[in-house]
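Me: I'd like to learn how to read a protein structure. Could you walk me through this one, feature by feature?

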Amino acid sequence: MPRKAVVVGAGPVGCLAALSLAKMGWIVEIYEARPDIRLPSSQASLARRSINLAISSRGIAALQAVDSDMASRFLETVIPMKGRYLHDERGRESVQLYDSTGQCINSIDRGLLNKGLLDKVSSTENISVFFEHKLATADFDARVLKFESGRGDHMRIVQVPFDFCVGADGSYSNVRRQLMRVIRMDFHQEYIPHDYLELHIPATFDAAGTPQYRIDPNYLHIWPRHSFMLIALPNKDKTFTCTLFAPTQDLDKLSDRTAVLEWFRIQFPDIIPLVGEERLWDDFSRNPRSSLICIKAKPYHYKDRVLILGDAAHSMVPFYGQGLNCGFEDVRVLETLIREEKVDSQMLPAGVAVDDRLAKALDRYSATRHPDLVAICDLAMDNYVEMRHSVVTPLYRIRKRLDEFLSAFTPHRPSEETKEQLARTAFPSPSAGGWLSLYAMVTFRPDLSYATARRQAQWQTRTLNTSGWVAAVCGILGVGMFAVRSGLFVTRR
């Protein structure tokens with residue numbers, strides 16, 4: 001008889017984890033604190049959240065490893081973005097491609113992705129989904145979770161036995177909080193002094209009444225302003241979702257309509273015609289301001305009982321576009337380790353209290369995944385500086401051109417054979433096998449771990465720095481020798 005896995009959290013990562021476990025033979029139950037987002041009553045709250053995400057090679061590789069047909073269907077709904085489209089203070093525009101071989105990141109509707117995954121798990125025979133069940137307590141040794149279901153006088157406690165628990169319940173994870181009671185978890189939480197706010201660019205209409213994009217949809221649009229920035233991602237309905245990232249103290253000063261519109265006229269003069277004054281003020285005044293948090297933890301598991309994935313284990317700032325991709329990759333890595341350890345989904349023999357194989361797989365996950373998760377959390381923080389400031393500096397542009405030149409002979413994407421290995425091996429490539437930009441390794445090479453990509457990028461930077469000093473010294477010596485031979489230096493007595 002199959003064992004039961006309980007997944008806490010019905011977001012994209014939780015749904016993919018459930019599908020992965022079900023594919024491996026487990027009976028799976030998903031418990032979600034919120035109502036079903038597919039219900040009409042949930043649409044208003046969903047509309048106030050960012051409605052699109054950036055999915056790239058790592059997330060796609062994970063979807064394909066779990067269900068290749070499902071991955072193909074989702075890829076039909078994405079909008080490819082081939083580079084950054086920069087807008088400066090004077091309204092001038094420039095383009096920076098992500099990859100010289102034409103690879104793209106993809107804007108995908110958050111609601112469409114989550115609803116599609118929920119439809120998939122709901123139609124899978126050995127998966128059940130329970131909404132409006134909030135985790136209250138967990139006894140991992142007794143393998144019992146307690147959920148609060150209902151509200152007020154109708155609230156009741158539901159006890160749920162389990163064999164294996166996966167916590168995919170977000171940055172403020174209840175599973176993680178319960179896990180911290182039974183293990184010595186190193187935990188770091190950091191808020192950065194910036195908030196974010198959602199705005200929207202509506203569609204325009206042609207003479208026939210057909211909606212059209214106001215700006216090019218095949219780019220991630222960025223308005224970098226050194227200490228803050230605005231970005232825009234395209235949606236299928238010809239609109240753009242914009243996100244303003246700015247210091248909290250700066251946003252606190254924008255307390256009325258006049259101040260907000262004047263600030264936008266100065267900082268983003270080309271945005272007001274795209275959005276419209278009334279819509280801009282309406283979005284700015286009504287949409288919630290949210291904080292940005294970075295969470296690091298270790299370990300991620302307890303015995304063979306429980307594991308946390310996604311934002312529950314490693315919430316990161318969104319500036320590398322890797323939050324969703326990393327969470328999906330968590331699921332793929334977990335599946336490869338479970339298969340490598342030959343974990344059986346069937347009930348344990350009588351008298352056996354611990355599944356040693358599962359415990360070993362989870363232990364390997366915590367040990368090997370932690371360096372990668374620390375690396376991408378740090379890289380995401382660093383990329384904020386790049387997006388809001390460095391992208392417009394001459395030094396950044398020179399380095400980008402140099403990376404493109406040096407990487408001309410290095411594969412920018414894994415081979416077909418390597419892609420197939422991603423379903424069986426966490427990271428089949430020990431290095432890029434040449435020279436690639438950090439962005440290309442993180443975004444387009446799922447066969448490389450995040451930690452490997454960061455180490456190689458650090459080596460490349462040291463190499464360039466050393467080469468620069470050598471070139472400078474050689475240049476100085478060359479000029480000196482030329483001057484001596486030309487008699488430019490004369491000893492005076």
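Me: Into which domains is the chain divided?

Reply: Keep in mind that this is a predicted model. The chain splits into domain 1 (4-78 + 109-187 + 294-388), domain 2 (191-290) and domain 3 (393-462). Notice that domain 1 is written as several stretches joined by plus signs.

Me: OK, let's take domain 1 and domain 3. How is the size of an interface given?

Reply: People often quote the accessible area that is lost when the parts come together. Here, about 1900 Å² is buried between domain 1 and domain 3, and carbon and sulfur atoms give 58% of that. You can also count residues: 22 from domain 1 are in contact with 20 from domain 3. As for the C-alpha centres of these two domains, they lie 27 Å apart.

Me: How many salt bridges are there between domain 1 and domain 3?

Reply: The count there is one. Aspartate 378 pairs with arginine 454, and their closest N and O atoms are 3.3 Å apart. That is inside the 4 Å cut-off, so the pair counts as a salt bridge. There are also twelve residue pairs in polar contact across this interface.

Me: Which helices supply at least two residues each to the side of domain 1 that touches domain 3?

Reply: Those are H3 (57-66), H12 (323-340) and H13 (356-388). H13 gives the largest share, with eight residues. By type, the residues on that side of domain 1 divide into nine nonpolar, five polar and eight charged.

Me: And over the whole structure, how many salt bridges are there?

Reply: The structure holds 33. Take aspartate 119 and arginine 38, whose closest N and O atoms are 2.9 Å apart. This pair links distant parts of the chain, 81 residues apart. Aspartate 119 is in helix H5 (residues 110-122), while arginine 38 is in the loop between strand E2 (27-31) and helix H2 (43-47).

Me: What about aromatic rings? How do I describe a pair?

Reply: You give the distance of the centres and the angle of the planes. In this structure the count is 21 aromatic pairs. For phenylalanine 319 and tyrosine 384, the ring centres are 4.0 Å apart and the planes sit at 10 degrees, so this pair is stacked. Phenylalanine 319 lies in the loop between helix H11 (311-314) and H12, and tyrosine 384 in helix H13, so the pair ties together parts that are 65 residues apart in sequence.

Me: Now the backbone. Which peptide bond is cis?

Reply: Look at the bond from lysine 298 to proline 299, where omega is near -5 degrees. Proline 299 lies in the loop between strand E19 (290-298) and strand E20 (301-302).

Me: And where does histidine 226 lie?

Reply: Histidine 226 is in the loop between strand E16 (220-224) and strand E17 (229-234). Its phi is near 70 degrees, a positive value in a residue other than glycine.

Technical notes
Residues are numbered from 1 along each chain as its sequence is written. This is a predicted model: local features need pLDDT of at least 70, side-chain atom pairs count only at pLDDT 80 or more; totals for chains, interfaces and linings use all residues. Side-chain values use heavy atoms; hydrogens and water are left out. Domain bounds come from an automatic or database domain assignment. Contact means heavy atoms within 4.5 Å. Buried area is the accessible area (1.4 Å probe) that two parts lose on being put together, summed over both. A salt bridge is a side-chain nitrogen of Lys or Arg within 4 Å of a carboxyl oxygen of Asp or Glu. A polar contact is a pair of N or O atoms within 3.5 Å; within protein, one must be able to donate a hydrogen and the other to accept it, and residues adjacent in sequence count only if both atoms are side-chain atoms. Helices (H or I, at least four residues) and strands (E, at least two) are DSSP runs, numbered from the N terminus. Ala, Val, Leu, Ile, Met, Phe, Trp, Tyr, Cys and Pro count as nonpolar, Asp, Glu, Lys and Arg as charged, and the others, Gly among them, as polar. Rings of Phe, Tyr and Trp (its six-membered ring) pair if their centres lie within 6.5 Å; planes under 30 degrees apart count as stacked, over 60 as edge-to-face and the rest as tilted.
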